[in-house]
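Dear colleague,

I am passing on to you the structure shown below, together with its sequence. Please read the notes that follow with the model open beside them.

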Amino acid sequence: MIPMVLSERILFLSYLSLLVITILFADTALCIRFPDRISDAVKDQSDVTLKTAVFALGSFWRSEAVFGCLNGVVRTTVGYAGGSKINPEFRSLGDHAESVQVEYDPRLINFRQLLEDFWSSHDCRQVFGQGPDVGNQYRSIIFTNGTEESKLAAFSKEREQMKSKSSIVTTQIQQLRTFYPAEPEHQKFELKRNPFLLQLMGNLPEEELEKSSLAAKLNSYAAELCPLKIQKLIDVKIKDIIRKGWPILRDV
């Protein structure tokens, strides 16, 4: 005969096991399961020659978010450009400006369209700064990679100046020499301020996050800088994921 104490313990363990099984197989709509990470490899671009553009338009945290949601933009990277200091760092920029490098598919978007987004996303008439961010590192610059881009940049600047002659467009046009990527903590800054979105992507490691097309878009989404149609589309996808209880967001 099993002693009473032992019998009660067996009964308790059976109840505990049943409780665990019940929880594990409960309706998944009642909870969200977070995977450790789901690799978000950038779609194969081997058959496409990507182009690169670099702009400076104030704090690079926001600047990166300006371009990430544009159709045709594959990657965004914040960094430093426009100065003479070798290997600048955030706390030691020298004469560089905070900048964003945009890698894009020329079949879907071109340099002229990127320029339009550049002009519409900052105050090109503010001298050496944007809003409360004042200083040489926040100046407005269009970096060019060749004669054609220089012509397009100059033409777009003239057109911007014609909109109002009461103040001067301060934007500089410079031939790009070297773009220095910024430290990891500055990449996808707006996205990193939203841990839930990082969870939805599957907690990508830093090196994958920096190269991810999805991260570039969600960085814009987190800053509420996506076009309204895309912003709403992402809202719907996230709500659907929460409803189903399985947070794997692979594309938008």
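A bridge at the margin of the sheet is a convenient place to begin: tyrosine 80 has tyrosine 180, in strand 8, as its bridge partner. Please bear in mind throughout that this is a predicted model.

**The sheet**

The two tyrosines belong to a wider pairing, in which strand 2 (residues 73-81) and strand 8 are antiparallel and share two bridges. These strands form part of an open sheet of six strands, whose order is 7-6-1-3-2-8 and whose pairing is mixed. Strand 7 (172-175) and strand 8 (180-181) are at the edges; each has a single partner strand, so one side of each lacks a neighbour in the sheet.

For context, the protein has nine helices and eight strands. Of its 252 residues, 42% are buried. Among contacts between residues at least 6 apart in sequence, 73% join residues that are at least 24 apart.

**Strand 6 and its partners**

Strand 6 (140-144) deserves a closer look. On one side in the sheet order is strand 1, which runs antiparallel to strand 6 and is joined to it by four bridges. Strand 7 is also joined to strand 6 by four bridges, but this pair runs parallel. The chain passes from strand 6 through helix 4 to strand 7, making a right-handed β-α-β crossover.

Individual residues show how these pairings are made. Isoleucine 142 in strand 6 has phenylalanine 55 opposite, and isoleucine 173 in strand 7 is also a bridge partner of isoleucine 142. Phenylalanine 143 stands opposite glutamine 174 of strand 7.

How many of the five residues of strand 6 are buried? Five of the five are, so the strand is largely enclosed by the rest of the structure. In a regular strand, side chains alternate between the two faces of the sheet. In strand 6 both faces are covered, with Ser140, Ile142 and Thr144 buried on one side and Ile141 and Phe143 buried on the other.

**Helices across the sheet**

Helix 3 (residues 111-120) lies across strands 1, 2, 3 and 6, at about 15° to strand 1 (51-57). Helix 4 (residues 147-162) lies across strands 1, 3, 6 and 7, at about 150° to strand 6.

Two packed helices are described by the angle between their axes and the distance between the axes. For helix 3 and helix 4 the angle is about 35° and the axes are 10 Å apart. Helix 3 passes helix 4 in a right-handed crossing. Helix 3 contributes Phe111, Arg112, Leu115, Glu116 and Trp119 to the contact, while helix 4 contributes Glu149, Leu152, Ala153, Ser156, Lys157, Arg159 and Glu160. Sorted by class, these are five nonpolar, one polar and six charged residues.

**Tyrosine 104**

Tyrosine 104 lies in strand 3 (residues 97-104). Is this residue buried or exposed? Its relative accessible area is 1%, and a residue counts as buried under 20%, so tyrosine 104 is buried. Beyond its neighbours within four places in sequence, tyrosine 104 touches residues that include Leu50, Lys51, Thr52, Ala53, Gly72, Val73 and Val74, as well as Ile109, Asn110, Phe111, Leu114 and Glu149. One of these, valine 74, is 30 residues away in sequence, yet the C-alpha atoms of the two residues are 5.2 Å apart.

**Helix 8**

Helix 8 (213-222) lies before the loop that leads to helix 9 (228-244). Nine of the ten residues of helix 8 are buried, so this helix is largely enclosed by the rest of the structure. The buried residues are Ser213, Leu214, Ala215, Ala216, Lys217, Leu218, Asn219, Ser220 and Tyr221. Their cover includes helix 2 (60-67), strand 2, helix 5 (189-192), helix 6 (195-201), helix 7 (206-211) and helix 9.

**Two loop residues with positive phi**

Finally, two residues other than glycine have a positive phi. Phenylalanine 128 has a phi near 45°; it sits in the loop between helix 3 and strand 4 (129-130) and, at 38% relative accessibility, is partly exposed. Glutamate 224 has a phi of about 60°; it is in the loop between helix 8 and helix 9 and, at 64% relative accessibility, counts as exposed.

With kind regards

Terms used. Residues are numbered from 1 along each chain as its sequence is written. This is a predicted model: local features need pLDDT of at least 70, side-chain atom pairs count only at pLDDT 80 or more; totals for chains, interfaces and linings use all residues. Side-chain values use heavy atoms; hydrogens and water are left out. Buried means under 20% relative accessible area, exposed over 50%, partly exposed in between (1.4 Å probe, protein chains only). Contact means heavy atoms within 4.5 Å. Two strands pair if DSSP finds at least two bridges between them. Axes are lines fitted to C-alpha atoms, for helices over the stretch in contact, and angles run from 0 to 180 degrees between N-to-C directions. A crossing is left-handed if the near helix is turned anticlockwise from the far one by less than a right angle, and right-handed if clockwise. Ala, Val, Leu, Ile, Met, Phe, Trp, Tyr, Cys and Pro count as nonpolar, Asp, Glu, Lys and Arg as charged, and the others, Gly among them, as polar. A crossover is right-handed if, with the strands pointing away from the viewer, the path from the first strand over the helix to the second runs clockwise.
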